[in-house]
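Q: I am new to this structure and would love a close look at a single part of it. Could you pick one spot, walk me through it, and then show me how it sits in the whole?

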Amino acid sequence: KGELRMQSLTFDDAGMYQCIAENIHGIIYANAELKIVASPPTFELNPMKKKILAAKGGRVIIECKPKAAPKPKFSWSKGTELLVNGSRIRIWDDGSLEIINVTKLDEGRYTCFAENNRGKANSTGILEMTEATRITLAPLNVDVTVGENATMQCIASHDPQLDLTFIWSLNGFVIDFEKEHEHYERNVMV
């Protein structure tokens, strides 16, 4: 295949590498630079969100994406309590924290800790629970005669902290009201 594989890289392996391919018709060269990166974890470019919203009874993923080389090990705390994988809480390999069946007790300060052989860093955000969005009036089946008009209603309740958008689809395809304005009309009531 012409592959060059290197394991357990050190800074001495950095440099310009050249691949030479030749046959009876000639010779060609290709160059590539190998940079060896090593840095302690830092959240300067990608800090955790300061405020994370999660719907009651829902699922939330809190991302933890520091810049670090080599890849850091991750741990999480809520306040002063160290978190471990369980039935509702999972720490992913990429550092993200997942919480399912969110309750009021899950609200609080969450801190992600990242550590590698170059150093350590942490970042903190506050998880707040919102009321789950619910359909309070679902569309009903409608029988109409060809050529007549039909109206379908959908009403939902939602937490006032959140924006609400209604999306209508037909047989799994989202209706574009701007392109199909002659056939469909959206009426929004507050």
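**A close look at Lys51 and its surroundings**

A: Let's start with one pairing: Lys51 stands opposite Ile126 in strand β12. Before going further, please keep in mind that this is a predicted model.

Lys51 lies in strand β4, and β4 covers residues 51-55. Its partner strand, β12, runs over residues 119-130. The two strands pair in the parallel sense, over five bridges.

Now look at the side chain of Lys51. Lys51 forms a salt bridge with Glu128, and the closest N and O atoms are 3.7 Å apart. Because Lys51 lies in strand β4 and Glu128 in strand β12, this pair ties together parts that are 77 residues apart in sequence. So β12 meets Lys51 in two ways: Ile126 stands opposite Lys51, and Glu128 forms a salt bridge with Lys51.

Are the two ends of this salt bridge buried or exposed? Lys51 has a relative accessible area of 47%, so Lys51 counts as partly exposed, since the exposed class begins over 50%. Glu128 is partly exposed too, with a relative accessible area of 26%; the buried class would need a value under 20%.

Strand β12 has another neighbour. Strand β11, residues 108-116, pairs with β12 in the antiparallel sense over nine bridges. Within this pairing, Ala114 has Ala121 in β12 as its bridge partner. β11 and β12 form a hairpin, with two residues between them. Strand β12 therefore pairs with β4 in the parallel sense and with β11 in the antiparallel sense, by the rule that two strands pair if there are at least two bridges between them. As general background, side chains in a regular strand alternate between the two faces of the sheet.

Next, turn to the stretch leading up to β11. Asp106 lies in the loop between β10 (97-100) and β11. The side chains of Asp106 and Arg88 meet in a salt bridge, at 2.8 Å from N to O. This pair links distant parts of the chain, 18 residues apart, with Arg88 in the loop between β8 (81-83) and β9 (89-91). With 5% relative accessibility, Asp106 counts as buried, whereas Arg88 is partly exposed, with a relative accessible area of 27%.

Glu107 and Lys104 also meet through their side chains in a salt bridge, at 3.2 Å from N to O. Glu107 counts as partly exposed at 25% relative accessibility, while Lys104 is exposed, with a relative accessible area of 53%. Elsewhere, Arg59, Arg90 and Glu98 are linked in a network of salt bridges. A search of the whole structure finds seven salt bridges.

Back at β4, there is a pocket to look at. The second largest pocket holds about 170 Å³ of space. Among the residues that line this pocket are Lys49, Ile52, Ile61 and Ile62, along with Phe43 and Met48. Its lining divides into seven nonpolar residues, one polar and three charged.

How does the largest pocket look? Its volume is about 1200 Å³. Of the 30 residues that line the largest pocket, the closest to its centre are Met152, Trp168, Glu185, Arg186 and Asn187. Strands β14 (155-157) and β15 (169-170) each supply at least two residues of this lining. The lining of the largest pocket divides into 17 nonpolar, nine polar and four charged residues.

Finally, let's step back to the whole chain. The protein chain has zero helices and 16 strands. Its radius of gyration is 27 Å, well over the 16 Å that the globule rule gives for 190 residues, so the chain is more spread out than a compact globule. The C-alpha atoms fill a box of roughly 75 × 60 × 30 Å, taken along the principal axes. Of the 190 residues, 22% count as buried.

One of the buried residues is Phe177, at 16% relative accessibility. Phe177 lies in the segment after β16 (173-174). Phe177 and Ser77 are 100 residues apart in sequence and 46 Å apart in space, C-alpha to C-alpha.

To return to where we began: Lys51 stands opposite Ile126, and its salt bridge with Glu128 ties together parts of the chain that are 77 residues apart in sequence.

Definitions and conventions: Residues numbered from 1 in each chain as written. Predicted model: local features only at pLDDT ≥ 70, side-chain atom pairs only at ≥ 80, totals over all residues. Heavy atoms only, no water. Helix = DSSP H or I, 4+ residues; strand = E, 2+ residues; numbered from the N terminus. 1 Å grid on protein atoms, 1.4 Å probe; cavity = no way out; pocket = protein on both sides within 12 Å on 5 of 7 lines; lining within 4 Å. Points joined across faces, edges and corners; volume = space filled by probe spheres on them. Nonpolar A, V, L, I, M, F, W, Y, C, P; charged D, E, K, R; others polar. Salt bridge = Lys/Arg side-chain N within 4 Å of Asp/Glu carboxyl O. Buried < 20%, exposed > 50% of the residue type's maximum accessible area, 1.4 Å probe, protein only. Rg over C-alpha atoms; globule rule 2.2 N^0.38 Å.
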